[in-house]
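Me: I have a model open and would like to talk through a few of its sites with you. Shall we go one question at a time?

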Amino acid sequence: MEGSSSNKFSLRRLTGSVTSRFGVTALLALAVLAPFLVQNDYYIQLCTEILIASLLAISLNFLIGYTGLVSLGHAVYLGVGAYAFALLTKNVYPSMWAGLIAAGASCAILAWFMGVFCVRLAGLYFAMLTLAFSQVVYTVAYYWRDVTGGDDGMLGIPKPEIGIPGAFSISLESFTNFYYFVLFIVAALIFLAWKIANSPFGRVLQAIRENPERVEFIGLPVHRYKLYAFIIAGTLGGFAGGLYSTFQGYISPDLLYWTQSGEIVLMTILGGMYSFLGPAFGAGMLLFIRDTVLNFMEYWRIVVGGILVLLVLFLPGGILGFFEGWASRSSIGGNDGDDARS
Amino acid sequence: MATTPVLETRSLTRSFGSLLAVNGVDFRVPQGELCAVIGPNGAGKTTFFNLISGRLEPTSGGVFFEGEDITGFPPHAVVKKGVGRSFQITNIFPRLSVLDNVRIAVLARRGKTLDMFSPIEKHTEEQAEALVILGEVELEHKAHHPTTELGHGERRNLELGITLALEPRLILLDEPTAGMSIEETSSTIALVKKISADKTVVFTEHDMSVVFSIADRISVLHQGSIIAEGTPDEIRNDDLVRLAYLGEEV
Ligand SMILES: Nc1ncnc2c1ncn2[C@@H]1O[C@H](COP(=O)(O)OP(=O)(O)OP(=O)(O)O)[C@@H](O)[C@H]1O
Ligand SMILES: [Mg+2]
């Protein structure tokens with residue numbers, strides 16, 4: 001009996017990792033081919049935006065799905081990353097890489113600072129403090145006209161070319177080139193996030209989500225681990241902000257507003273917070289619905305809201321979460337093995 | 001008196017409002033002893049463990065581990081010193097696998113939990129060690145199952161396994177057999193006995209036949225104070241204890 005049950009499990013693990021590897025490969029292939037499939041600048045741009053939003057939602061899910069911390073202020077990284085990119089490339093030096101590094105680094109520092117206060121709290125108090133911090137930053141961006149342009153925002157954010165000076169350079173002005181650049185950055189960062197999520201550190205975050213007290217009693221300082229998760233989430237969010245800045249070419253304090261934070265939470269829950277790629281799936285869905293529904297009515301949020309209500313009632317694991325659960329129940333595969341879900 | 005006790009508390013006191021849950025407890029456990037703390041419901045046993053393990057701060061008094069003052073240390077620091085505990089109310093990681101529940105504790109003890117870039121499965125030594133511990137608590141065959149598939153007794157054993165994975169020099173077990181069937185109780189008690197061969201163990205337990213059969217020494221807690229201490233024989237014949245607690249049970 002014992003032998004057969006562990007055998008069956010290792011079989012499931014094997015097929016599980018094969019199917020998920022297959023799924024990821026298929027997804028990546030789809031992303032690479034997307035510009036050829038849509039053949040339309042408008043949709044290439046939509047795909048670009050979806051990629052950036054995917055990174056943003058996955059970064060938030062480090063807190064929500066992995067560590068069990070519901071942050072209502074994640075737009076702060078979208079905004080601060082975007083402003084950092086804009087300020088550096090416009091005022092200091094027009095370099096894509098320097099701009100992105102500025103976006104990530106500024107958000108790492110900001111997350112560190114905010115995290116020191118936030119990680120001491122849990123539940124609603126944590127959520128409220130993240131919201132409060134983000135609104136403070138919003139207010140600063142709104143009123144500090146000299147630097148941020150106030151409510152006018154900033155215009156003319158460049159798409160600096162990339163390459164090796166003197167050797168070769170690639171212009172990112174074309175929609176397709178820019179799409180591939182974003183795909184490269186986003187895929188690399190999501191891969192990094194995935195590595196972290198499946199490391200011992202990532203499993204500690206899940207343990208904190210499940211039972212922070214017991215984590216203390218296996219000898220780990222929970223606050224410090226929460227702080228690291230907070231900084232990782234913020235830094236990844238900052239890169240998304242930098243990409244968004246150069247993608248749009250203009251930014252405004254609206255990026256930092258709390259409704260924007262709410263939207264990132266929606267993406268995460270829509271796609272499924274207990275599955276690694278779920279939030280990316282949710283980001284794609286939300287933006288796709290926005291674009292299609294906006295064509296015939298202004299109130300696209302009603303549609304999103306309606307879907308969300310149905311999801312919470314009938315598929316609480318989110319859409320991708322549901323399909324993954326379904327796949328692991330039927331014999332074609334499972335999740336990646338040890339990550340047991342109820 | 002020559003050797004320092006593994007655990008010592010000095011006038012340890014904790015009040016909740018006007019209630020003195022633990023009241024001036026002086027308690028010493030020498031190296032290698034298997035010591036039972038008994039007392040009726042609400043006597044203060046769990047509170048006493050909470051004070052030692054850092055879950056609660058004492059109102060007054062001190063806690064010393066291997067001679068070092070650890071009073072007021074946060075739980076994770078107490079664990080790092082070498083004190084592990086299990087909980088009366090099962091305190092595990094529900095949506096992790098059985099293996100991960102123990103593996104995470106092994107990784108924590110070995111200082112691997114800040115590793116962010118290698119897959120957890122690549123830590124084969126820690127995985128093997130976790131499986132050995134799961135074998136000890138008879139859960140090896142369920143290693144890859146979610147804890148939601150475990151029965152009550154199995155969850156109690158997992159609780160114990162997480163604590164053992166920390167390889168503490170002093171182990172506090174708060175009613176390890178709470179709610180277990182008779183068979184589960186006897187195998188868990190056999191395990192506790194086995195652990196105590198090379199570790200110092202303090203445990204609470206409501207089943208008096210178990211306590212009297214395995215403990216080296218028994219301390220009786222009553223309304224927050226220790227009213228008697230001694231070998232099982234001494235406790236069995238103590239009039240005060242009979243009056244306050246044991247009644248007809250012994
Ligand atoms: N956090 C708390 N706040 C207020 N009162 C508490 C708290 N924890 C324990 N008490 C009280 O302290 C007393 C001792 O409780 P404790 O849980 O330590 O008893 P116990 O000996 O472990 O009992 P049991 O055998 O039922 O586990 C009880 O009267 C209890 O109600
Ligand atoms: Mg108790």
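Me: Happy to start in chain A: which residues does Arg209(A) touch, not counting those up to four places away in sequence?
Reply: Bear in mind that this is a predicted model. Leaving out residues up to four places away in sequence, Arg209(A) has partners in both chains: Arg95(B) on one side, and on the other Gly65(A), Tyr66(A), Thr67(A), Gly68(A) and Tyr274(A).

Me: Is Arg209(A) buried or exposed?
Reply: The cut-off for buried is under 20% relative accessible area. Arg209(A) comes out at 16% relative accessibility, so Arg209(A) counts as buried.

Me: Which residue offers its backbone oxygen to a polar atom of the Arg209(A) side chain?
Reply: Two polar pairs are worth a look here. One joins the side chains of Arg209(A) and Glu210(A) at 3.0 Å. The other has a backbone oxygen 2.8 Å from a polar atom of the Arg209(A) side chain, and that oxygen belongs to Gly65(A).

Me: Nice. How many residues of α8(A) are buried?
Reply: Arg209(A) sits in this helix, which spans residues 200–210 of chain A. Its buried residues include Phe201(A), Val204(A), Leu205(A) and Ile208(A), and also Arg203(A) and Glu210(A). The helix is largely enclosed by the rest of the structure, because the buried count is 11 of the 11 residues.

Me: Which element of chain B is part of what covers the buried residues of α8(A)?
Reply: From chain A, the cover includes α2 (41–67), α7 (175–197), α9 (212–216) and α10 (222–248). Chain B adds to that cover too, through α3.

Me: Let's move to the ligands. Which element gives the most residues to the shell around ligand 1?
Reply: The shell has 14 residues, with Asn41(B), Lys45(B), Thr46(B), Thr47(B) and Gln88(B) the closest. By class these are five nonpolar, seven polar and two charged residues. With three residues, the element that gives the most is α1(B).

Me: How much of ligand 1 does the protein bury?
Reply: Polar pairs first: oxygen atoms of ligand 1 lie 2.9 Å from a polar backbone atom of Gly44(B), and 3.0 Å from an N or O atom in the side chain of His206(B). In the side chain of Thr47(B), an N or O atom is 2.6 Å from an oxygen of ligand 1. Taken alone the ligand exposes 640 Å², and the share of that buried by the protein is 62%.

Me: Which atoms coordinate the magnesium ion (ligand 2), and how many residues apart in sequence are the parts that the pair ties together?
Reply: The magnesium ion is coordinated at 1.9 to 2.1 Å by OG1 of Thr46(B) and OE1 of Gln88(B). Thr46(B) belongs to helix α1 of chain B, while Gln88(B) is in the loop between β6 (83–86) and α3 (98–109), so the separation of the parts tied together is 42 residues.

Me: Are those two residues buried or partly exposed?
Reply: Partly exposed runs from 20% to 50% relative accessible area. Thr46(B) has 26%, and Gln88(B) has 30%. Thr46(B) is therefore partly exposed, and Gln88(B) likewise counts as partly exposed.

Me: One last stop: how far apart in space are Tyr257(A) and Val136(A), C-alpha to C-alpha?
Reply: Tyr257(A) is in the loop between α10 and α11 (258–271) of chain A, and at 29% relative accessibility counts as partly exposed. Beyond four places in sequence, Tyr257(A) contacts Ala75(A), Gln135(A) and Tyr138(A). Tyr257(A) and Val136(A) are 121 residues apart in sequence, and their C-alpha to C-alpha distance is 9.8 Å.

Terms used:
Residues are numbered from 1 along each chain as its sequence is written. Chains are lettered from A and ligands numbered from 1 in the order in which they are written. This is a predicted model: local features need pLDDT of at least 70, side-chain atom pairs count only at pLDDT 80 or more; totals for chains, interfaces and linings use all residues. Side-chain values use heavy atoms; hydrogens and water are left out. A residue is near a molecule or strand if one of its heavy atoms lies within 4 Å of it. A polar contact is a pair of N or O atoms within 3.5 Å; within protein, one must be able to donate a hydrogen and the other to accept it, and residues adjacent in sequence count only if both atoms are side-chain atoms. Accessible areas come from the Shrake-Rupley method with a 1.4 Å probe; for residues, only the protein chains shown count as cover. Helices (H or I, at least four residues) and strands (E, at least two) are DSSP runs, numbered from the N terminus. Ala, Val, Leu, Ile, Met, Phe, Trp, Tyr, Cys and Pro count as nonpolar, Asp, Glu, Lys and Arg as charged, and the others, Gly among them, as polar. Buried means under 20% relative accessible area, exposed over 50%, partly exposed in between (1.4 Å probe, protein chains only). Contact means heavy atoms within 4.5 Å. Donors are N, O and S atoms within 2.8 Å of the metal (3.2 Å for Na, K and Ca); water is not among the atoms, so sites may look incomplete.
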